[in-house]
Amino acid sequence: MNIYISLDTCAQSVGSFEIFEKLKGINNPTFTLNKRSTRALMWLEPLLEIEQDNKQIAITNVENIDIENILKNPLNSKNLIDNIDNQPYLKNQHRVIFKNLGKNDPTSIEDYKKLGGFRALETVLKMESKDVIEKIKIADIRGRGGAFFPAYIKWQTVLSIQSDIKYVICNADEGDSGSFADRLIMENDPFSLIEAMIIAGITVNAKEGIVYLRSEYPNAKKILQKAIDIAYQNNYLGKNDSYEFDLYIVTGGGAYVCGEETALIESLENKRGLVRPRPPLPAISGLFNKPTLINNVLSFIDIVRLFEGSRDMHTTPLQLSGAVKRSGLFEVANDITIEELISKFADTPIDDIKAVQIGGPLGAFVPKEKFYLKLNNDELSKEGFILGHASVVAFNKNTNMKDILLNLIDFYIHESCGKCTPCRIGQVRLKEILTNLNQNTQSKLILLYDLLDTLKEASLCGLGGLTHLSVLSILKFFGNDFGIGDIQ
């Protein structure tokens, strides 16, 4: 009997490590214990998957006290389900970016190769850089960090600049509340990210790569570093007969603004994380004034999938959390609606949900009457919303949205780097206006709209520039929670 268990951060948070240790300590030759990447179906953790007599089953929400009974007769276990690949919440997804989840030991390079790993690198090594970039252009691969900027433009710009030193940086400072897709890759499929960064280095003629990692991800750092060490041992990193590329991890200091690429570069240069005015663009003059290619984790993985031949369509990895029965990662085609995500995948009645916030703490709040919208940036932007990093946080019907917004404004105030005046002072004034908006409402609304316009037009980065999305959407759809009624 083979038993598989994930030691991903989410799984460990509900006890998977203790179960793993208990199983490891049992001297029983009838089973083999294996670490496996998570399925990212977080409501099922701790999840044991079992192979026995050519049959696959899964046992969900396992507790330590269940272990002995599971080993005696797994088919009599409580929370028993059939092969998890056949469950509708997984079967109805279309996983491309996350195709390897649940199929590998994250730090086994042999497992990675069995799943097609390094096939993309072999393909790229036979191509000219211009042809690699042309293929990315034709595939219309766009940045997954939220801006949806065409990826090929950055790659082409860095390639075209003559310089003795160039850098490739992976922006893994995943600071948006509700976002966890980057972490899932780094903890569960780290070789895909390593392969992607090697490909980027070869294509733009850079010999050094850096993963700028969020400080709150210690487990991801440990797993990714182990994978990097293995890649060096297997001659994929360092200098070999085909290329030279070194890769290392730098951990950020915890500032939200360092998710913005120029503040990230400042941090890497051992300076305070402040946003740089543009131009110059980082692709022309970035880290230490050298041409620098910066992409988000998922953007890199999208390109690996393209060159390994597994990217058969554009998909969106939706990260769902909050007031739903099933939270986790749902990678789907672009035509799924908010209602389908919540009712079909999360098994939650729509009437139980008051709103969802899409795209992180700077995203707009979408009310229930707009749940017919499809979860793609083109459709959401027509209504003034954004997809961002594709996080979706659900709020239940009893939530007071004023409390939520004031809490968010506190976050904006705390995370403002202070460089530009509109954001540094404007966020504080915003909190003052919103706190007692039901008094002298009309005059305060005039002041509030002027302030939001200033933040939008004069801030150097998205923290100030996108503040209006959350504020205006809550005031428009949930004005009653402020005691002022709906605002059109």
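I will walk through one sheet, one helix and one helix pair in this structure.

A word on the source: this is a predicted model, in which local features need pLDDT of at least 70 and side-chain atom pairs count only at pLDDT 80 or more, while totals for chains, interfaces and linings use all residues. Residues are numbered from 1 along each chain as its sequence is written, and side-chain values use heavy atoms, with hydrogens and water left out.

Let me start with the sheet, where five strands lie in the order 12-11-15-13-14, forming an open sheet of mixed pairing; strands here are DSSP runs of E with at least two residues, helices are runs of H or I with at least four, both numbered from the N terminus, and two strands pair if DSSP finds at least two bridges between them. At the edges, each pairing on one side only, are strand 12 (328–333) and strand 14 (365–367). Further in, strand 13 (residues 353–358) pairs with strand 15 (residues 391–396) in the antiparallel sense over five bridges, and I358 stands opposite V392 in strand 15.

Turning to helix 10, residues 190–204, 14 of its 15 residues are buried, so the helix is largely enclosed by the rest of the structure, where buried means under 20% relative accessible area with a 1.4 Å probe, counting protein chains only. Just after helix 10, N205 takes a positive phi of about 65 degrees.

Finally, where do helix 9 and helix 13 meet? A181, D182 and I185 in helix 9 meet V297, L298 and I301 in helix 13, contact being heavy atoms within 4.5 Å.

Conventions. The expected span of a helix is 1.5 Å times one less than its number of residues. Buried means under 20% relative accessible area, exposed over 50%, partly exposed in between (1.4 Å probe, protein chains only). Axes are lines fitted to C-alpha atoms, for helices over the stretch in contact, and angles run from 0 to 180 degrees between N-to-C directions.
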